[in-house]
Amino acid sequence: MMSFGEKLKSLRVDVKRLTLAEAANQLNVPRSNLNNWERGIAKPSLETLGKLAIFYNTTVDYLVGLDKNRQSETMVLYEALPEIYRERIDDLVRDYTELARLKKL
């Protein structure tokens, strides 16, 4: 079974086809943090873990080893939706995330 870091690196390289710098930039995290997570030197916060799962189109359960399937049934259904619906869902998730962030301030 792959470790958390190995899963992250595989998702970045094999699925998203991004360099470490590109992924870190898109995730808005320091490159060194992403590198440390992939190498197993450090672990992300719970909030960041959720962001990683969304970014890599997977589940937190998969990332932490509780589920062997990279995609949940919900994600398979989501990917079957027309792009316009997926974009709207993504917008709603971003709006909700921003609202949750602002409520913390």
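**Exercise 1.** In this predicted model, state how far lysine 51 and glutamate 47 lie from each other along helix H4, then examine their contact.

*Solution.*
1. Helix H4 covers residues 46-55, and within this helix lysine 51 and glutamate 47 are 4 residues apart, so about one helical turn separates them.
2. Between the two residues, the closest N and O atoms are 3.5 Å apart. The cut-off for a salt bridge is within 4 Å, so the pair qualifies.
3. Lysine 51 has 41% relative accessibility and is partly exposed. Glutamate 47 is also partly exposed, at 45%.

**Exercise 2.** Determine whether arginine 94 and aspartate 91 are buried, partly exposed or exposed, and describe their pairing.

*Solution.*
1. Both residues belong to helix H7 (residues 83-104), where a spacing of 3 residues places them about one turn apart.
2. Their closest N and O atoms are 2.6 Å apart, and the two form a salt bridge.
3. Arginine 94 has a relative accessibility of 52%; exposed means over 50%, so arginine 94 is exposed.
4. Aspartate 91, at 31%, is partly exposed.

**Exercise 3.** Analyse the contact between glutamate 98 and arginine 101 in the same way.

*Solution.*
1. In helix H7, glutamate 98 and arginine 101 are 3 residues apart, which means a separation of about one helical turn.
2. Their side chains meet in a salt bridge with an N to O distance of 2.6 Å.
3. Glutamate 98 is partly exposed at 34% relative accessibility, and arginine 101 is partly exposed at 40%.

**Exercise 4.** How many salt bridges does a search of the whole structure find?

*Solution.* The search finds 4. Among them are lysine 51 with glutamate 47, arginine 94 with aspartate 91, and glutamate 98 with arginine 101.

Key: Residues numbered from 1 in each chain as written. Predicted model: local features only at pLDDT ≥ 70, side-chain atom pairs only at ≥ 80, totals over all residues. Heavy atoms only, no water. Helix = DSSP H or I, 4+ residues; strand = E, 2+ residues; numbered from the N terminus. Buried < 20%, exposed > 50% of the residue type's maximum accessible area, 1.4 Å probe, protein only.
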